[in-house]
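Got the structure open in your viewer? Let's take a walk through it, one selection at a time.

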Amino acid sequence: MSPLQTEISKRRTFGIISHPDAGKTTLTEKLLLFGGAIQVAGAVKSNKIKRSATSDFMEIERQRGISVATSVMAFNYRDKKINILDTPGHQDFAEDTFRTLTAVDSVIVVIDVAKGVEPQTEKLVKVCRMRKTPIIVFINKLDREGLDGFDLLDEIEQKLGLTVTPMSWPIGMGQRFQGVYNRYEQKLCLFSAHGKQTEEDTLEFTDLSNPELEEYIGDAAAKELREETHLIEEVYPQLDREAYLEGNLSPVFFGSAINNFGVKELLDCFIEIAPTPLPRITEERQIRPDEDQFSGFVFKIHANMDPKHRDRIAFLRICSGKFERNTNYLHVRQNRKLKFANPTAFMAARKSVVDEAFPGDIVGLYDSGNFKIGDSVTAGEVLHFKGIPSFSPEQFRFVNNADPLKAKQLAKGLTQLMDEGVAQLFTKDLNGRKIIGTVGALQFEVIQYRLKHEYGASCTYEPVNLHKACWVSCNDSEKFKEFRKRRQRDMAVDKDGQPVFLAESAWTLKMAQENFPEVSFHFQSEF
Ligand code: G4P
């Protein structure tokens, strides 16, 4: 193995996704504790923006600050280097999460045993399935009463469309929770509350018919566990790593993150089976991680909270080769060479300057406004990474300048916020008016606040009655011209000048689709 291949084989880059409150932050923290990346519980602050924060801007700012630190957390466990990419759980930031998912190689989905599959989980898993991202499921909070294990697996199969295979199985739950049987390692893990889990609580137990089982968990639970594991063997497929890697089979673990129970089992299985950095697709060709030449793409941009320092951090996922500090690289979109003096790596909540980084790693690049989401950086080859689309927004408002003396600042602020991916800006063909489109309502307030505090610009919003924005394309240029002319009042361009159809209602969209069958309507910017 070449030195580069050795580095690649050590890396596991993944994201944890869940509906808010299922336990993502808690699980992340416990994983970091295992890696020795943090010493005490509570070191990873939750970066979730709670619903109540809608009008509390300082809270949003504070949270943004925290989420820079916790955007990427790397730690070493055994001989592996693990990169966890944080994904905002709040639905108004779903687009941020979708983009982060382009930079991972696999995900762990956390589900609350009492709540089952929740809407945000459904949406995020759908995106993972579209990309065939391998998924491991962790069912959390077994120390509380919740749904029956089999019912939950049914729900996961039906609502998330996953084929599952339980790697562990719970013995009771809530007050009666005694632990799990780890089918993967054939071990009995006995539960003691309050995170007091020790190695001694885990026993080798290869044969469940062994009468010692009764001694550990009692007659009734032993009988039930034997029956249930028997049923599992009959109903669910065996773990097949290939099927998992292709996104066709999801191993399921049960545990309680807050009690640090079942987390080590999850991590041990994860590092065995999770994929090493995967190839990435560009418009030009497929990029293998073990290629000599460095390449990577920007999937997230984070503005500095301090208005006096306008620099931003662009998060770059390394896709191939070795990244080195102070080396000339090509910024493909701008066709110019850039050198990075202080690329940053993220070990737990600490940032430090790195001299080199490898495929699967994320580096933070200080940026004074050169980068947009989706930008490629390479050793010299012209490459455009695919799969970092904008999604069709669902909430729209006209944006007006409220301070005529600050028109320039407003324009600059809007452009930079859009490059960061906070929202999308559309310019109407007919009158040049600007419309902001977002996934959630919170962004409108964030934009107004940040324009004021970071750019000194003020804006007001005006309602606009729109249902959806769709990117449009057509192979027949004459027909396309006619469509754009006939529907001029509904047409706009996005920030890259691509034509967009702004549908007032589901019905207008349907009519346009029926009347112009040659035109394709797309719900994301990449098609
Ligand atoms: P999130 O990032 O997915 O939004 O969830 P987070 O980890 O913040 O967990 C949400 C709540 O669930 C927290 O309680 C957390 O303590 C609790 N929790 C996490 N894992 C378990 C578990 O295994 N069992 C039980 N019973 N609870 C768990 P909170 O009261 O909202 O916050 P906090 O005051 O405890 O921080």
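Where in the chain does Asn 326 lie? Select Asn 326 and you'll land in the loop between strand E16 (323-324) and strand E17 (329-331). Before going on, keep in mind that this is a predicted model.

**Stop 1: two asparagines in loops**

Stay on Asn 326 for a moment. Its phi is near 55°, a positive value in a residue other than glycine. Most residues other than glycine have a negative phi. Asn 326 is partly exposed, with a relative accessible area of 43%.

Now hop along to Asn 335, in the loop between E17 and strand E18 (336-338). Asn 335 isn't a glycine either, yet it has a positive phi of about 50°. Is Asn 335 buried or exposed? At 62% relative accessibility, Asn 335 counts as exposed.

**Stop 2: zoom out**

Show the whole chain as a cartoon. You're looking at 14 helices and 31 strands. Of the 527 residues in the chain, 55% are buried. Turn on a surface: the chain exposes about 22800 Å², with 48% of that supplied by carbon and sulfur atoms. How much of the contact comes from residues distant in sequence? Among contacts with a separation of 6 or more, 71% are between residues 24 or more positions apart.

**Stop 3: helix H4**

Next, select residues 94-101, which form helix H4. How many residues of H4 are buried? Eight of the eight are, so H4 is largely enclosed by the rest of the structure. Colour them if you like: Ala 94, Glu 95, Asp 96, Thr 97, Phe 98, Arg 99, Thr 100 and Leu 101.

What do these buried residues pack against? Add these to your selection one by one: strand E1 (11-18), strand E3 (80-85), strand E4 (106-112), helix H5, strand E14 (295-303) and strand E25 (424-428).

Pick out Thr 100, which lies in H4. With 2% relative accessibility, Thr 100 counts as buried. Show its side chain along with Leu 85, Asp 86, Thr 87 and Phe 299: Thr 100 is in contact with these residues, leaving aside neighbours within four places in sequence.

**Stop 4: H4 meets H5**

Keep H4 and bring in helix H5, residues 119-130. The two axes come within 10 Å and cross at roughly 30°. The crossing of H4 past H5 is right-handed. Which residues meet here? From H4, select Ala 94, Thr 97, Phe 98 and Leu 101; from H5, select Gln 120, Lys 123, Leu 124, Val 127 and Cys 128. Sorted by class, this contact has six nonpolar, two polar and one charged residues.

**Stop 5: Lys 187**

Jump to Lys 187, in strand E9 (residues 187-190). Lys 187 is partly exposed, with a relative accessible area of 21%. Draw a distance from its C-alpha to that of Asp 207: these two are 20 residues apart in sequence and 9.5 Å apart in space. Lys 187 touches Val 180, Tyr 181, Asn 182, Thr 202, Leu 203, Glu 204 and Phe 205, once residues up to four places away in sequence are set aside.

**Stop 6: Gly 437 and Ser 458**

Select Gly 437, found in strand E26 (residues 434-438). Gly 437 counts as buried, at 1% relative accessibility. Gln 424 is 13 residues from Gly 437 along the chain, and their C-alpha atoms are separated by 5.1 Å. The contacts of Gly 437, neighbours within four places aside, are Pro 393, Gln 395, Phe 396, Ala 423, Gln 424 and Phe 426.

Then move to Ser 458, in the loop between helix H12 (442-455) and strand E27 (459-463). Ser 458 has 17% relative accessibility and counts as buried, the cut-off being under 20%. Not counting residues up to four places away, Ser 458 touches Asn 400, Asn 401, Ala 402, Asp 403, Leu 410 and Lys 452.

**Last stop: helix H14**

Finish at helix H14, residues 506-515, and highlight its buried residues: Thr 508, Leu 509 and Ala 512. Now look down the axis of H14: the buried residues fall within an arc of 100°, so they line one face of the helix. In an α-helix there are 3.6 residues a turn, so residues three or four places apart point the same way. What do the buried residues of H14 pack against? Show strand E28 (468-473), strand E30 (499-503) and strand E31 (520-522), and you have the partners.

Definitions and conventions:
Residues are numbered from 1 along each chain as its sequence is written. This is a predicted model: local features need pLDDT of at least 70, side-chain atom pairs count only at pLDDT 80 or more; totals for chains, interfaces and linings use all residues. Side-chain values use heavy atoms; hydrogens and water are left out. Helices (H or I, at least four residues) and strands (E, at least two) are DSSP runs, numbered from the N terminus. Buried means under 20% relative accessible area, exposed over 50%, partly exposed in between (1.4 Å probe, protein chains only). Contact means heavy atoms within 4.5 Å. Accessible areas come from the Shrake-Rupley method with a 1.4 Å probe; for residues, only the protein chains shown count as cover. The arc is that of the directions from the helix axis to the C-beta atoms. Axes are lines fitted to C-alpha atoms, for helices over the stretch in contact, and angles run from 0 to 180 degrees between N-to-C directions. A crossing is left-handed if the near helix is turned anticlockwise from the far one by less than a right angle, and right-handed if clockwise. Ala, Val, Leu, Ile, Met, Phe, Trp, Tyr, Cys and Pro count as nonpolar, Asp, Glu, Lys and Arg as charged, and the others, Gly among them, as polar.
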